[in-house]
Amino acid sequence: FGLTTKIPLKAFSYTSNSAKPTTHEADNGSGSLLHREFCSTCGSGILEYGAAAANDFRYIMTGTLNDPGALPPKGEFFCINREKWMPEVPGVFHKNKITE
């Protein structure tokens, strides 16, 4: 599990000092291909997106932002896989799985 922040593709860019990210693509569990990018130096996750969002959005790993507290969560996905010790995030939508 992880926390991501959805932003418009037009609002995202790597800085000129950034090394080219390492990429990985795999099925996200619903039959759709999920694209992920990682820091090529340390391996930290940077972003992810599926085919449906490829031309419009990026889901940025919230922990990579300078001020992650400025963008609180709006929802949870894959709640069916929630660990027993992990509390539900209150006041947001909850989806057990993605079927589209």
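**Strands and pockets, by the rules**

Visitor: Which residue of β5 is the bridge partner of E48?
Guide: In this predicted model, E48 has Y59 in β5 as its bridge partner.

Visitor: What makes β4 and β5 a pair?
Guide: Two strands pair if there are at least two bridges between them. β4 and β5 have two bridges, in the antiparallel sense, so they pair under that rule. A hairpin through six residues joins β4 to β5.

Visitor: How do you know that β1 pairs with β5?
Guide: The cut-off is again at least two bridges. β1 and β5 pair over five bridges, and the sense is antiparallel, so the rule is met. Here I7 has R58 in β5 as its bridge partner.

Visitor: What are the volume and the closest residues of the largest pocket?
Guide: The volume is about 1,600 Å³. There are 41 lining residues, and T4, E48, Y59, F77 and I98 are the closest to the centre. Strands that each supply at least two lining residues include β1, β4 and β5.

Visitor: How do the residues of that lining divide by class?
Guide: The lining of the largest pocket has 21 nonpolar, 10 polar and 10 charged residues.

Visitor: Why does the lining of the second largest pocket have no charged residues?
Guide: Only Asp, Glu, Lys and Arg count as charged. The lining is I7, F12, S13, Y14, T15, S18, I46, I60, T64, L65 and N66. None of those four types is in that list, so the charged class stays empty. The classes come out as six nonpolar and five polar, and this pocket holds about 200 Å³ of space.

Key: Residues numbered from 1 in each chain as written. Predicted model: local features only at pLDDT ≥ 70, side-chain atom pairs only at ≥ 80, totals over all residues. Heavy atoms only, no water. 1 Å grid on protein atoms, 1.4 Å probe; cavity = no way out; pocket = protein on both sides within 12 Å on 5 of 7 lines; lining within 4 Å. Points joined across faces, edges and corners; volume = space filled by probe spheres on them. Helix = DSSP H or I, 4+ residues; strand = E, 2+ residues; numbered from the N terminus.
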